[in-house]
Amino acid sequence: MNMPPSPPGAVRTDGPSVQIGALVPLTRPGWVEAGQHLLAGLELAVDEVNDAGGIVGRPLELVVRDTAADPQRAAAAVDQLARLGVAALAGEYHSVVARAAAARADALGLPFLCSSAVLDALTEQPTDWVARLAPAQSRGWQTYADFLLGAGHSRLAVAAQPSVYWASGTRILRDCFAARGGTVIALDADTLSPTALCDELVDSGATALLLLVGHPEPAVPIVKAVRRDQRLADILVGAPAGQPEFAEWATLLGDDGAAIPFLRYLPERLGPLGARVEKALRERLGVAPSFVAFEGYDTVAVLADVLRSHGTDRSRTAESWPRVAVEGTRGKIQFSRTPGIDVWQWAWPPIQVVDRDPAQPDRFRILHTS
């Protein structure tokens, strides 16, 4: 990674770099825009660490690998990064990919701080090698279910594709709705065309449709079909996985992409650190930073603190998770053991349900908070 020139008065860093392996989706079929935001946050934090003197005088360096949303490619990257001698792993956005990376990191004894993936079962057994910043899916999607039920939507349809992540999300929604007398109807987004899906949706009697599908295909065609079907004029369309967060959504859908609630992991108001980082990220990205960019920044902030305090020995890093207390962009980050979660978890980051304002689609409205 090429470091920018140090500003006047910055502390110089010398000696061999301390390397962190960064797993990021940067090409299709990965969610490229999410990967770009994640990488921007990681890189900004690395630059700031180095401007402040690095890791006890040694520069911090990112060794980036593109996962392209491919679990096998991610596992191979973990093997390669481990051989290169990285002190720890960071990043990854896609839950299924992060699960493969976490399994390999656990097997190799390589600390992995997962930035964004939310799947509860990130590993199949308890491990001390993996920690996570993003809230577990069960927590975030329960918040989303509370929002829907509170708004009077007791009959819900989900347009879903086959995936461990989407199946897990559907199960969480079913449990939440069943506990309060609601119903969840599954529609197969792989076999139904957008037009046929609209017909099924009308017949279902559901008042809300959730998109548990890939972006931009088939999410964008489904939204367009629903928005143009007069029979569905009153139906709520939602996307809990966060597709509408990114600028590409607004570019592809325009006004049709507004008023589609999604999950976002930001506080209602950023503190001084968050506000400063938001400004710097906006300058790097050229657009408003998503919550994923803040997750990237916070990942490096935590790892830098651990590496300064405990050195670069991998075992000592893994042993340090329960002692972390770092002020991040979205609050104080501390890890604990959470029931049902086999990794060290920040419990809990702030969770919001947000949408794009129909009157001003580049502005977000906070609809519900956990």
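How do the residues of the lining of the second largest pocket divide into nonpolar, polar and charged? In this predicted model, the count is 12 nonpolar, 3 polar and 9 charged. The pocket itself has a volume of about 420 Å³. Its lining is made up of 24 residues. Nearest its centre lie Arg264, Arg282, Ala288, Pro289 and Phe364. Several elements give two or more residues to this lining: helix H1 (32-51), helix H8 (247-253), helix H9 (272-285), strand S15 (352-357) and strand S16 (360-369). S16 supplies the largest share, with 3 residues.

Strands S15 and S16 can be described together. They pair in the antiparallel sense, over 6 bridges. They form a hairpin, and 2 residues lie between them. Asp357 has Gln360 in S16 as its bridge partner. S15 is mostly covered, with 6 of its 6 residues buried. S15 also runs antiparallel to strand S10 (residues 262-264), to which 3 bridges join it. Here Arg264 stands opposite Gln352 in S15. Arg264 is also among the residues nearest the centre of the second largest pocket.

The loop before S15 holds Ala347, which lies between strand S14 (344-346) and S15. Ala347 counts as partly exposed because its relative accessibility is 36%, and the partly exposed range runs from 20% to 50%. Ala347 and Ala134 are 213 residues apart along the chain. Their C-alpha atoms are separated by 8.8 Å.

S14 also belongs to an open sheet of 7 strands. The strand order is S2-S1-S3-S4-S5-S14-S13, and the pairing is mixed. Strand S2 (60-66) and strand S13 (335-336) are the edge strands, and each pairs on one side only. Several contacts within the sheet are parallel. Strand S1 (residues 18-24) and strand S3 (residues 88-91) pair in this sense over 4 bridges. In this pair, Leu23 stands opposite Gly91 in S3. S3 in turn pairs with strand S4 (residues 112-114), in the parallel sense and over 3 bridges. Ala90 stands opposite Leu113 in S4. S4 then runs parallel to strand S5 (residues 130-132), and 3 bridges join the two. Across that pairing, Phe112 faces Val130 in S5 as its opposite residue.

A helix accompanies the pairing of S3 and S4. S3, H3 and S4 make a right-handed β-α-β unit. Ala102 is found in helix H3. What is the relative accessibility of Ala102, and does it count as buried or exposed? The value is 0%, so Ala102 counts as buried; the cut-off for buried is under 20%. Ala102 and Ser309 are 207 residues apart in sequence. In space, they are 24 Å apart, C-alpha to C-alpha.

H3 also takes part in the largest pocket. About 640 Å³ of space lies in this pocket. Helix H3 (95-108) and helix H5 (164-179) are the elements that give two or more residues to its lining. H3 gives the most, with 3 residues. The lining comprises 29 residues. Those nearest the centre of the pocket are Trp31, Tyr93, His94, Tyr165 and Trp166. By class, the lining divides into 19 nonpolar, 8 polar and 2 charged residues.

Helix H4 (residues 137-150) has 14 residues. From its first C-alpha to its last, H4 reaches 19 Å. This is close to the 20 Å expected at 1.5 Å a residue. The buried residues of H4 are Gln137, Gly140, Trp141, Thr143, Tyr144, Ala145, Phe147, Leu148 and Leu149. In general, an α-helix has 3.6 residues a turn, so residues three or four places apart point the same way. Gly152 comes just after H4 and takes a positive phi of about 90 degrees.

Terms used. Residues are numbered from 1 along each chain as its sequence is written. This is a predicted model: local features need pLDDT of at least 70, side-chain atom pairs count only at pLDDT 80 or more; totals for chains, interfaces and linings use all residues. Side-chain values use heavy atoms; hydrogens and water are left out. The expected span of a helix is 1.5 Å times one less than its number of residues. Buried means under 20% relative accessible area, exposed over 50%, partly exposed in between (1.4 Å probe, protein chains only). On a 1 Å grid over the protein atoms alone, a cavity is a set of points where a 1.4 Å probe fits but cannot get out, and a pocket is an open set with protein on both sides within 12 Å along at least five of seven lines; lining residues have an atom within 4 Å of a point. Grid points are joined across faces, edges and corners, and a volume is the space filled by probe spheres set on the points. Ala, Val, Leu, Ile, Met, Phe, Trp, Tyr, Cys and Pro count as nonpolar, Asp, Glu, Lys and Arg as charged, and the others, Gly among them, as polar. Two strands pair if DSSP finds at least two bridges between them. A crossover is right-handed if, with the strands pointing away from the viewer, the path from the first strand over the helix to the second runs clockwise.
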